[in-house]
Amino acid sequence: MILGVTGSFCAGKDTVAEILIKKSFYHYSLSDALREELKKKKQPLTRENLQALGNNLRQTHGPGILAQMALQAMKSDKNYVITSIRNPGEIEVLSQRKDFLLINVDAPLPVRYARLKSRPKAGTEDLKIKTIDDFKNLEKVENSSDPSKQQLNKVMQIADVTLVNDQGINELYKKIDTILIKYTPKLQLPRPNWDEYFMNIARTVSSRSNCIKRKVAAVVVKDKRIISTGYNGTPRGVKNCNEGGCKRCNTYAAGGTQLDECVCSHGEENSIVQASYHGISLKGSTLYTTFSPCTTCTKMIINAGIIEVVYNLDYPLAEGARALLKEAGVKTRQFKIG
């Protein structure tokens, strides 16, 4: 899941992020890309330069550009905490994820001002702040009416939950735990069902194919366990198709023609042969394939004792193969993935 952290100046956003990092969340700041860009340009990493660059990117690529960059950098198997969210367009992008929650961290103005003044090493901007009115003016910079600039107040207003950080660190831990306990069940994305799981694996296996015309793969499953995989390509020890090993494929012959000249084995064929090579019985198993099988592969499926074929896309020459599977009592069904 992704937890976005926004909030007013000195409310404790970074502290909240640090606590979540300790709880195995990975941190991503929308300012990270801006810092890297400033480094490339050899410009000082000041608050003003970060704001100016961020505003320029939003004007050029749209208000949600920094959030788009963040999502591209994230992996689906990790929990993330995102900071430096300062524009409603960024929320619009992040909210497309059903596992996203925006937390607004806030505290009373006197508390936040006292925190600023107690910092052991104030930054350049902080040194300019002599009064609480200076502090208020600093916050105004982050609240422009221009949709391409920072609009922190609007972001805070559309947050899913507000965390008031006006007490000690122990109380802050408790409040974060309360949020996690309440929202974690709601933010969990549904697990793929078994068909989706195995078909996605078959698609991943197809990426190993060396055929230049079509990448196809199959996985054979029994008792929800993969027992064999195969992808299309030239036989073991023969030059790969993408290296010129198959004359038919490399001349891009029309579909359905010169099939007797093709030296590539099909994905279903290889999944069956690989099982045989390793002495594994396929009797009573299910075959998942990214394309419905051809007639040759169908005969191998029947004779191998496979009892079900699940395919993603239709193979152009598969009508006779499906009739043969039906006659042999092999269950066939289509399960499409995107």
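Colleague: In which helix is the place of Glu90?

Modeller: In this predicted model, local features need pLDDT of at least 70 and side-chain atom pairs count only at pLDDT 80 or more, while totals for chains, interfaces and linings use all residues. Residues are numbered from 1 along each chain as its sequence is written, and side-chain values use heavy atoms, with hydrogens and water left out. Helices are DSSP runs of H or I with at least four residues, strands are runs of E with at least two, and both are numbered from the N terminus. Glu90 lies within residues 88-94, which form helix H5.

Colleague: Is Glu90 buried or exposed?

Modeller: Buried means under 20% relative accessible area, exposed over 50%, and partly exposed in between, with a 1.4 Å probe and protein chains only. The relative accessible area of Glu90 is 0%, so this residue is buried.

Colleague: Which helix supplies the largest share of the largest nonpolar core?

Modeller: A nonpolar core is a set of buried Ala, Val, Leu, Ile, Met, Phe, Trp, Tyr and Cys residues joined through side-chain atoms within 4.5 Å. The largest one has 23 residues, and Leu30, Met74, Ile82, Ile85 and Leu102 have the most contacts inside it. Helix H3 (47-61), helix H4 (65-73) and H5 are among the elements that each supply at least two residues. The largest share, 4 residues, comes from H4.

Colleague: Why is there no bond between the sulfur of Cys246 and the closest cysteine sulfur?

Modeller: A disulfide is a pair of cysteine sulfur atoms within 2.5 Å. The closest cysteine sulfur to that of Cys246 is in Cys249, and the pair is too far apart for a bond because the distance is 3.7 Å.
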